[in-house]
2 protein chains.
Amino acid sequence: MEKYKVAIQGWQGANHDIAARAYFNGGEVEIEPCLTFYELFDKVGNDQNGLLGMVAIENTLVGSLLSNYTLLKNSGLSVLGEHKLRIRHQLMALPGQTIADIKEVHSHPMALAQCEQFFREYPHIRLIESEDTALSAKLIQEGKIKGVAAIASSLAAKLYNLEIIAKDIETNKHNYTRFLVVGKPNQSEFSKMLEQNLINKSSIVFSVPHEEGSLSKVLTILAFYRINLSKIQSLPIVGQEWQYLMYIDIDFNDYQRYLQSLDAIRPLCEQLSVLGEYRAADTLYVTNGDAVVKKADVEN
Amino acid sequence: MEKYKVAIQGWQGANHDIAARAYFNGGEVEIEPCLTFYELFDKVGNDQNGLLGMVAIENTLVGSLLSNYTLLKNSGLSVLGEHKLRIRHQLMALPGQTIADIKEVHSHPMALAQCEQFFREYPHIRLIESEDTALSAKLIQEGKIKGVAAIASSLAAKLYNLEIIAKDIETNKHNYTRFLVVGKPNQSEFSKMLEQNLINKSSIVFSVPHEEGSLSKVLTILAFYRINLSKIQSLPIVGQEWQYLMYIDIDFNDYQRYLQSLDAIRPLCEQLSVLGEYRAADTLYVTNGDAVVKKADVEN
């Protein structure tokens, strides 16, 4: 069984942990918790032993995590893969309690906000913001704290021996997060994927001259090469007011054709760089020993 | 002198207030403070007396305020103008004190973060997060609180009779925010601007079918019509995973040509709507009685 050491933002049992285990489906995953995304990129960048990172990049309810685009670009690390995860929230506490026993619920502000509707029926419960979903679960277990519940994942309930007292309490079920696997480029792994024709997505970043139609020209060339844009995001360039870096995700079937399209747009771009070439999550296959087996499209 | 009632997020003296006064340069501005952007859009939407709103939409250090795009789209309000403001932070306290007297500094978390470097030299000072920059200044004045300073604007110092004890303490000077003026479309004002050939920018939003090259086609048509893209932002459509609404700012010289270009892209877009047609800030002229006078490009 292959072993992976993966840095995540948050504690064991957080959604980043679930995403890492799901991505490396079948492999043994050791989690390295980080307090911030900044710390994560720093650790992975300075590691010499193949440490990878799992980084949320967009959520279907709140949009892109813009600061992670900037951290990724500045880190010099590569995108090696992606994973899409349906986000579910569970209410958990020390075993033997019911919701009537709960006076306080601790969790990350985002998780609290996403379960707001559920708690309208329980006005006696105080909602308290914490640093991390899984950490809130961990602290309840460590302190043997009764009367307090956490909002976290099923994995966190399992890891910290808590009982789920209300299941799937998120208000909006259309809650998905897309994660990127980041690390130093692994050439041998990349060559293997390329050989097996598995590379079909790329994340690139560039800026265009401040001229009429300059972005359109670049996108038109990509279209002529039958390269599809799946996402486009502009972020301001610090120090050059109202000029932007364009972060673009592109899909393709023919890797050679994709390389040719990059050559074709390069003269029209400034600072073009490839953040990573990888297999799109929706079409992800994982190697299981020698065979290649299809993976579930999106976790449910 | 013309009078404007403008809802802002924050208190009198906040950066939104400065932006409103600068935009309505020469007019009398009455500020309506709101706790949140949600409250602001709600108030302006329900008002029957010409209330306008001033809304930050992007900052050169942190990028777009994505949630404000969604609030704007859902509000049904129009973008009537824009203003770009250089953000400066001042340290202020009750008169007669020096920085050695200050034990605590209160301000909005973003302002505290943007002045972090300055405070490294003063490890005895505790930084305390508050709801609003200007509100922190106001509370010091109202409570006559010594030993506590606020980070806020020069305008806040003036409004709340505080003394600036350290000037321009922001770490990064490339800190600009772009604000949108929002309100119900004022047809007579719009016609006047159109007649004077002042309309040269538009913000539109649309989605494109999930097909190869669909976005490129739309942007190519805009380029053929000599319509320039100044900004592009994609935001996920809730309930349609990994499909996006495209928010695009476009510049043009010929209003008729711009209308023709919209007609040309409409059949290729889904849910195309115009968020507003207005005068770009960099080229902003203001009417001063009968004459039209040029306004400073970007406030300094």
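Here are some numbered notes on this two-chain model, offered as a companion while you look through it.

1. **Confidence first.** Please keep in mind that this is a predicted model. Chain A has a mean pLDDT of 89, with 94% of its residues at 70 or more. Among the elements of chain A, strand β6 (residues 90-93) has the highest mean pLDDT, 98, and strand β16 (residues 285-288) the lowest, 40. I would read the stretch 285-300 of chain A with that in mind: pLDDT stays under 50 there, although the model has 35 contacts beyond four places in sequence for these residues.

2. **How the two chains are related.** Chain A can be superposed on chain B by a rotation of 180°, with 0.0 Å of shift along the axis and an RMSD of 0.0 Å. The two copies are thus related as by a two-fold rotation axis. Which residue of chain A comes closest to the rotation axis? That is Gln233(A), whose C-alpha is at 2.6 Å.

3. **The interface.** The copies meet through the same surface, because 100% of the interface residues of chain A are also interface residues in chain B.

4. **The annotated spans of chain A.** UniProt, in an unreviewed entry, lists residues 5-184 of chain A as "domain: Prephenate dehydratase". In the model this span is 31% helix and 33% strand, and its end C-alpha atoms lie 13 Å apart. For residues 203-279 of chain A, UniProt lists "domain: ACT", again from an unreviewed entry. Here the chain is 29% helix and 47% strand, with 11 Å between the end C-alpha atoms.

5. **Helix α3 of chain B.** This helix covers residues 66-75, and its buried residues are Leu66(B), Asn68(B), Tyr69(B) and Leu72(B). Viewed down the axis of α3(B), they fall within an arc of 160°, so the buried residues line one face of the helix. Ser67(B) and Asn74(B), on the other side of α3(B), are exposed. After the helix comes Gly76(B), with a positive phi near 75°.

6. **Leu77 in chain A.** Leu77(A) sits in the loop between α3 (66-75) and β5 (78-86) of chain A. Is this loop residue buried or exposed? Leu77(A) counts as buried, because its relative accessibility is 6%, which is under the 20% cut-off. Setting aside residues up to four places away in sequence, Leu77(A) touches Phe41(A), Val44(A), Gly45(A), Leu72(A), Val182(A), Gly183(A), Lys184(A) and Leu275(A). One of these contacts, Val44(A), is 33 residues from Leu77(A) in sequence, with 8.3 Å between the C-alpha atoms.

7. **Tyr160 in chain B.** Another loop residue to look at is Tyr160(B), between α7 (154-159) and β10 of chain B. Its relative accessible area is 9%, so Tyr160(B) is buried. Beyond its neighbours within four places in sequence, Tyr160(B) is in contact with Trp11(B), Gln12(B), Ala134(B), Ala137(B), Lys138(B) and Gln141(B). Trp242(B), by contrast, is 82 residues from Tyr160(B) in sequence and 48 Å away in space, C-alpha to C-alpha.

8. **Positive phi outside glycine.** Two residues may catch your eye in a backbone check. Lys144(A) has a positive phi, near 50°, in a residue other than glycine. Lys144(A) lies in the loop between α6 (133-143) and β9 (148-152) of chain A, and at 54% relative accessibility it counts as exposed. Asp168(B), which is not a glycine either, has a positive phi of about 45°. Its place is the loop between β10 (163-166) and β11 (176-183) of chain B. With a relative accessible area of 22%, Asp168(B) is partly exposed.

9. **Cysteines.** How many disulfides does a search of the whole structure find? There are 0 over all chains. Cys115(A) is buried, with a relative accessible area of 0%. Cys269(B) is likewise buried, at 11%.

Methods
Residues are numbered from 1 along each chain as its sequence is written. Chains are lettered from A and ligands numbered from 1 in the order in which they are written. This is a predicted model: local features need pLDDT of at least 70, side-chain atom pairs count only at pLDDT 80 or more; totals for chains, interfaces and linings use all residues. Side-chain values use heavy atoms; hydrogens and water are left out. Copies are superposed by least squares on the C-alpha atoms of residues with pLDDT of at least 70 in both. Contact means heavy atoms within 4.5 Å. Buried means under 20% relative accessible area, exposed over 50%, partly exposed in between (1.4 Å probe, protein chains only). Helices (H or I, at least four residues) and strands (E, at least two) are DSSP runs, numbered from the N terminus. The arc is that of the directions from the helix axis to the C-beta atoms. UniProt positions are given in the numbering used here, feature names are shortened, and annotations may be inferred rather than shown by experiment. pLDDT is the predictor's confidence in each residue, from 0 to 100. A disulfide is a pair of cysteine sulfur atoms within 2.5 Å.
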